[in-house]
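Me: I have a structure open and want to talk it through. Can you take my questions as they come?

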Amino acid sequence: MDKVRVGLVGIGGMGYNHYCCHKNLETSDVVAVCDVRTDMAKEKTGGAVKIYGDLDEMLEKESLDMIDICTPTYLHASMAEKCLEKGLHVLCEKPMTLDEKEADKLLAAVKRTDRNFMVAHVVRFMKPYAYLRKAIKSGENGKLLRLEMHRNSSVPLTSWQNWFLDESLSGGVVTDLSIHDLDFVSHVLGKPDKVSAFWRPLKDNSSYSAASMLYGDTLVSCEASWYKVKINFRAEFLAVFENCFIDFKDGKLYKNNEETDLSDFSLDDELGVSVKGDNPYKDEIEYFIDCILKGRKPVFVSPESSASTIRLTDLVKMSATRFANTPIVQNLSRKTFKRT
Ligand SMILES: NC(=O)c1ccc[n+]([C@@H]2O[C@H](COP(=O)([O-])OP(=O)(O)OC[C@H]3O[C@@H](n4cnc5c(N)ncnc54)[C@H](O)[C@@H]3O)[C@@H](O)[C@H]2O)c1
């Protein structure tokens, strides 16, 4: 086999991005797309693939190797489990699931079926974050003393039926947005000794979260927000080591205030495959497909590590519920997070 037959489910904002990435990969063959909005799916794919409005029908009629899940988050767990049980490999957009309970159930399905499963934690494939990961793991700059991560955007208002705004469907700003940085932290540093968090809904679906985590005497913080005002998306970090500091701002990486050129920086040794490095979304898909073709597990983003990230997002939310009774505004639309 030199190409993987792909069924893509959900061709909204992120699904279309994945679709274009697949189309640019020689090892991928998108056979069919499933979306409840079939007309929109036909328009986006221009008649190039078969379109279905129902996942069960697509699974029944098509002969596929893998499913790429880009549906709203509340559908990830059930869709992924169904596809694994059908013997398919599954790439699933982040977050893996809405909570730890669902993640554990899905993890059991991955083990039971022995299929490849990977969550599309794209930040792990981004060069500035990979550079930071190497800097932390190599120890060449001394001990990491402090890591501060920020991720801010406007309230997401372009999704299907505005599902992002309902916390029971998206998990809210912690599970949906801050998860990118929480996953980095969990992947590189593991489980923190202590978590202390703050998470407040503001007006008109805005939401603000900040989590502090202690790893020994290393202090890490992840701040994320959805603002009701229109802002440009921002993702930044500052890492203070004993012997240097590295920061990422305005899309540029600096070591001790000197801009660092990452054009030749490569993740190939971590991935075990040569990817182009020009588009982290394409790279993550290429990596996953390469694992299928070579019969190896996608250990760079293991199912266990993605489940650990969900555990951390849950810890952050649990810690934050301590502040839930001191809202900034009254009549909040947000529901308080509860563990079931
Ligand atoms: N990695 C990233 O940087 C990143 C960025 C944005 C979104 N995401 C994730 O991608 C996922 C999708 O987000 P989005 O922004 O594309 O949302 P979206 O609303 O734009 O797209 C979701 C699509 O799923 C379709 N859909 C809904 N129910 C369906 C069903 N039962 N069967 C088939 N299709 C169905 C909708 O019609 C829509 O086209 C989410 O989990 C989100 O968290 C990841």
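Me: How do β7 and β11 pair, and over how many bridges?
Reply: Strand β7 (residues 144-154) and strand β11 (residues 234-241) run antiparallel and share eight bridges. Keep in mind that this is a predicted model.

Me: Which residue stands opposite Asn152?
Reply: Arg234 in β11.

Me: What packs across β7?
Reply: Helix α8 (residues 172-189) does. Helix α8 also lies across β8, β9 (207-215) and β10 (218-227), and it runs at about 155° to β10.

Me: And α11, which strands does that touch?
Reply: Helix α11 (residues 303-320) packs on the sheet and touches β8 and β9. Its direction makes about 70° with that of β8.

Me: What's the strand order in that sheet?
Reply: β8-β9-β10-β7-β11-β12-β13-β14. It is an open sheet of eight strands, and the pairing is mixed.

Me: Which strands sit at its edges?
Reply: β8 (194-201) and β14 (258-259). Each has a single partner strand, so one side of each has no neighbour in the sheet.

Me: Switching to the six-stranded sheet. What's the order there?
Reply: β3-β2-β1-β4-β5-β6. This sheet is open too, with parallel pairing. The edge strands are β3 (50-52) and β6 (117-120), and each pairs on one side only.

Me: How far are neighbouring strands turned against each other?
Reply: By 25° on average, ignoring direction.

Me: Give me detail on β1 and β2. How many bridges?
Reply: Six. Strand β1 (residues 4-9) and strand β2 (residues 28-34) pair in the parallel sense. Val4 has Ser28 in β2 as its bridge partner. Gly7 stands opposite Ala32, also in β2.

Me: Is β2 largely enclosed or left open, and why?
Reply: Largely enclosed by the rest of the structure, because five of its seven residues are buried. Buried here means 20 or more other C-beta atoms within 10 Å of the residue's own.

Me: New topic. What domains are assigned?
Reply: Two ranges are listed for each domain in the assignment. Domain 1 is 4-122 + 281-297, and domain 2 is 124-271 + 307-323.

Me: How far apart are their centres?
Reply: The C-alpha centres of domain 1 and domain 2 lie 25 Å apart. The contact takes 20 residues from domain 1 and 19 residues from domain 2.

Me: Which elements on the domain 1 side give two or more residues?
Reply: α5 (100-113) and α10 (280-294). The largest share is from α5, with four residues.

Me: What's the chemistry of that side?
Reply: The side of domain 1 that touches domain 2 has nine nonpolar, five polar and six charged residues.

Me: Now the ligand. Where does it lie, and why say so?
Reply: The ligand lies between domain 1 and domain 2, because both give residues to the shell around it.

Me: Which residues come nearest to it?
Reply: Gly10, Gly12, Met14, Ser159 and Trp160, out of the 24 residues around the ligand.

Me: Which helix gives the most to that shell?
Reply: Helix α1 (residues 13-23), which contributes three residues.

Me: And how does the shell split by class?
Reply: 12 nonpolar, seven polar and five charged residues.

Note on methods. Residues are numbered from 1 along each chain as its sequence is written. This is a predicted model: local features need pLDDT of at least 70, side-chain atom pairs count only at pLDDT 80 or more; totals for chains, interfaces and linings use all residues. A residue is near a molecule or strand if its C-beta atom, placed from the backbone, lies within 6 Å of it. Ala, Val, Leu, Ile, Met, Phe, Trp, Tyr, Cys and Pro count as nonpolar, Asp, Glu, Lys and Arg as charged, and the others, Gly among them, as polar. Domain bounds come from an automatic or database domain assignment. Two strands pair if DSSP finds at least two bridges between them. Axes are lines fitted to C-alpha atoms, for helices over the stretch in contact, and angles run from 0 to 180 degrees between N-to-C directions. Two residues are in contact if their C-beta atoms, placed from the backbone, lie within 7 Å. A residue is buried if 20 or more other C-beta atoms lie within 10 Å of its own, exposed if 12 or fewer, and partly exposed in between; C-beta atoms are placed from the backbone.
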